[in-house]
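Please open the model in your viewer and keep the selection tool at hand. The tour below proceeds from one selection to the next.

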Amino acid sequence: MATGNNIRTYFEGSWHRADLAVMRAADHGSWLGTTVFDGARYFEGIAPDLLAHCERVNRSAEALMITPTVTAQQMHDLIWEGLKTYPEDAAVYIRPMYWALDGDFLGIVPKPGATGFAISLEEIPMAAPGSATTLTTTRFRRPTLDCAVVNAKAGCLYPNNARMLAEARSKGFGNALVADALGNVAETATANVFIVKDGEVFTPIPNGTFLAGITRARHIANLRAAGIAVHETVLGFDDVRAADEVFLSGNMMKVTPVRAFDDVQYQPGPMTQKVRELYWDWAHSGG
């Protein structure tokens, strides 16, 4: 079932105005979960960092031993071809994706060169400016590279995210703040996390347990270019509780203010607003 509407699908050389069926029951990706995707955004007539997202889905495929079959530039151009069928004021979620078709003689390892590819475009509104969420803890943690493909944006990682999110919602919160294997803050169930303290910005240092997002990197670059100190460091849950502001960074909504972590309350503040303004200014400047 789709999340949004007005879906376009690129599959086997053509664009289709439909949520097209693209996988078969015996495809390796169907029964063994060898699927990767990336998520980019089109809004206000622009698609920021689109090429970077296309490059990352190819890296994700390689991490799952799936052979990429489309160059990042080809993918970028195909996506723009599909986006031109939408109104300029549409907000579209962009998902290029690969999956393995066949396995080796035991069926487990993906067979090189046997790859499915599709692009899904789906209208999903951007969050209204000022829309905020709340956080709580979860008993589930981020895995490490020795036990999961955390260096890929892989479909097989998302059931863990889903149970984090479901637990948070069952407690009356909007999202979960998640620990890594050592108990330090990694990210939330759906996005990277930043905190603000005394006019400086802090975010968990990438340690191989979570995907350090493209939008996260863009925020860091924009803030530093504006002369604001950004620290990638080890953070504990007490650091989050002591923060002046907390916000999330993800491709789906770009910047999401946090107004509570358990019983600690925050006001969406000037730094969170600054991050949003910097991102929109950068995006509309053509990068």
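In this predicted model, begin by selecting strand E7 (residues 133-141) together with E8, which pair in the parallel sense over 4 bridges. Within this pairing, display threonine 136; the residue opposite it in E8 is alanine 176.

Next, add helix H4 (residues 158-170) to the selection. With E7 and E8, this helix completes a right-handed β-α-β unit.

Now restrict the view to E8 (residues 175-179) and display its surroundings. Is this strand buried or exposed? Because 5 of its 5 residues are buried, E8 is largely enclosed by the rest of the structure. In a regular strand, side chains alternate between the two faces of the sheet. Colouring the two sides of E8 separately places Asn175, Leu177 and Ala179 on one side, and Ala176 and Val178 on the other; both faces are covered.

Proceed to strand E9 (residues 185-188), which pairs with E8 in the antiparallel sense over 3 bridges. Select valine 178 and look across to E9, where glutamate 187 is its bridge partner. E8 and E9 form a hairpin with 5 residues between them. In the turn, pick glycine 183, whose phi is positive, at about 90 degrees.

Finally, turn to the surface and select Trp31, Leu32, Met65, Phe105, Leu106, Ile108 and Val109. These residues form a nonpolar patch with about 810 Å² of accessible area together. Centre the view on leucine 106, in the loop between strand E5 (92-100) and strand E6 (115-123). Leucine 106 is classed as exposed because its relative accessible area, 63%, lies over the 50% cut-off.

Key:
Residues are numbered from 1 along each chain as its sequence is written. This is a predicted model: local features need pLDDT of at least 70, side-chain atom pairs count only at pLDDT 80 or more; totals for chains, interfaces and linings use all residues. Side-chain values use heavy atoms; hydrogens and water are left out. Patches are made of residues with over 30% relative accessible area and no salt bridge: like charges are joined within 9 Å, nonpolar side chains (Val, Leu, Ile, Met, Phe, Trp, Tyr) within 5 Å. Accessible areas come from the Shrake-Rupley method with a 1.4 Å probe; for residues, only the protein chains shown count as cover. A salt bridge is a side-chain nitrogen of Lys or Arg within 4 Å of a carboxyl oxygen of Asp or Glu. Buried means under 20% relative accessible area, exposed over 50%, partly exposed in between (1.4 Å probe, protein chains only). Two strands pair if DSSP finds at least two bridges between them. A crossover is right-handed if, with the strands pointing away from the viewer, the path from the first strand over the helix to the second runs clockwise.
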